[in-house]
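Welcome, and thanks for taking a look at this one with us. Here is a short briefing to keep beside the viewer.

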Amino acid sequence: MIFTKHQNTFRWIIVVASFFIVSVIMWKTYEFFQHFKHDERTKIEIWASAQTDLIKTGNLNSDMGDLPLQVITSNKTTPMIMVNKDGSIDHNNLDSNKIKDSVYLKKLIAKFKKENKPIEVRFDGEVYNTIYYGNSPLINKLKYYPLALILIVVLFGAVIFFFYSSNKNATQNKLWSGMAKETAHQIGTPLSSLIGWTEILKSENVNPSYISEIEKDVDRLKIITERFSKIGSIPTLETANIVEETINSYDYLKARASNLIEFDLITPDDYIPVELNKQLYSWTIENLVKNAIDAMKGRGKLTVEISQLEDNVKVKVTDTGKGISKKHFNKIFEPGFTTKKRGWGLGLSLTKRIIEDFHNGKIKVLNSEKGKGTTIQINLKSA
């Protein structure tokens, strides 16, 4: 218990630390992005200053020195549009063919205005040019970096989660197998002794009816031992008539149930072959029927129905009990979950393991209504 508590605390420390590290990285990335944006604007402002020098001189042939020309020709990455005083357009680092489209040009100017504040080129208090510029390819790539980082963190978290989940399932499966085998072993010892004592009682002229009842209990213990032995390892499946196997389990439970329970069995007359482990399938039907009887508190109607559609075989167990809340439809198959005051919450989880892990089928709550009852359905493939 202490180990589990410390383990959970350690996990939360890792989660919080990871969140903090990611937050710091994203914040630093944002600062880095803003720094790049500032540098980009500074370059464009220098470019605008060079443009002002051109305006001062009047034309490119005038003696203005090499620096303004070097500045103007140095911009090889930042896309820009310069709207001149007379309405003409100059552009840099843009597709010349696309820029001829007036609709495209308006959209591009609107986009650049959202990305960066336009820069006005003034001379003697008069605006000669307005420069609209967008983000350089480097900044465009950089702004997606936080998203890539988040995606990497999510993928990394998913890998850890699935690893932990599969590891947890593997541990649970080992626990199931170990407990099942140990239970089978523990039952086996007194069972062997009971068989020996039964043979002795036969030789002592004991009332045969007593011995017959003891033998029934011994046979029942044999079945239980075999069930635990099989669920503790990978069981062998064989082709069997699911109708017959269901009827056998149904009849056994009906004979031992309260007279206040009305039993109804609906099955086709056809032979329906399914790959089954008879002992484990019988255990499944018993668990479902016993849960249904408990839900009805020993009074009501219980229906077991088998149907087939092509190669899909359905077994439905319906009761008229208290019903299940919709939020518990999946939880009832989890180990340890129970709505009873007494019980381990293992019956339905065992049933799910038998049907889905061993028989490659499906089991689910088909429908349930509070105060009216529940239907649980098993889906199996015919052989």
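The points below walk through two sheets, the helices that pack on them, and one residue worth a visit. Please keep in mind that this is a predicted model. One sheet is open and has five strands with mixed pairing, while another open sheet has four strands with antiparallel pairing.

**The five-stranded sheet**

- Reading across this open sheet, the strand order is β6-β8-β9-β11-β10, and the pairing is mixed.
- Its edges are formed by β6 (261–266) and β10 (362–369), each of which pairs on one side only.
- On average, neighbouring strands here are turned by 15 degrees against each other, direction ignored.
- If you would like to inspect one pairing, try β6 with β8 (residues 300–309): the two run parallel and are joined by six bridges.
- Within that pair, look for Ile-266, which stands opposite Glu-305 in β8.

**Helices on the five-stranded sheet**

- Helix α9 (residues 278–295) packs on this sheet and touches β6, β8, β9 (312–319), β10 and β11 (373–381).
- The direction of α9 makes about 30 degrees with that of β9.
- Helix α10 (residues 347–358) lies across β10 and β11, and its direction runs at about 130 degrees to β10.

**The four-stranded sheet**

- This open sheet has the order β2-β1-β4-β3, with antiparallel pairing.
- Because β2 (89–92) and β3 (119–123) each have a single partner strand, one side of each is left without a neighbour in the sheet.
- Neighbouring strands of this four-stranded sheet are turned by 20 degrees against each other on average, again with direction ignored.
- Strand β1 (residues 80–84) runs antiparallel to β2, and four bridges join the two.
- A handy pair to find here is Met-82 and Asp-90: Met-82 stands opposite Asp-90 in β2.

**A helix on the four-stranded sheet**

- Helix α4 (residues 102–115) packs on the sheet, where it touches β1, β2 and β4 (126–133).
- Between the direction of α4 and that of β1 the angle is about 110 degrees.

**A closer look at Met-80**

- Met-80 has its place in strand β1.
- Is Met-80 buried or exposed? Its relative accessibility is 2%, and buried means under 20%, so Met-80 counts as buried.
- Met-80 and Ile-131 are 51 residues apart in sequence, yet their C-alpha atoms are 6.8 Å apart in space.

Technical notes:
Residues numbered from 1 in each chain as written. Predicted model: local features only at pLDDT ≥ 70, side-chain atom pairs only at ≥ 80, totals over all residues. Heavy atoms only, no water. Pairing = 2+ DSSP bridges. Axes fitted to C-alpha atoms, helices over the stretch in contact; angles between N-to-C directions. Contact = heavy atoms within 4.5 Å. Buried < 20%, exposed > 50% of the residue type's maximum accessible area, 1.4 Å probe, protein only.
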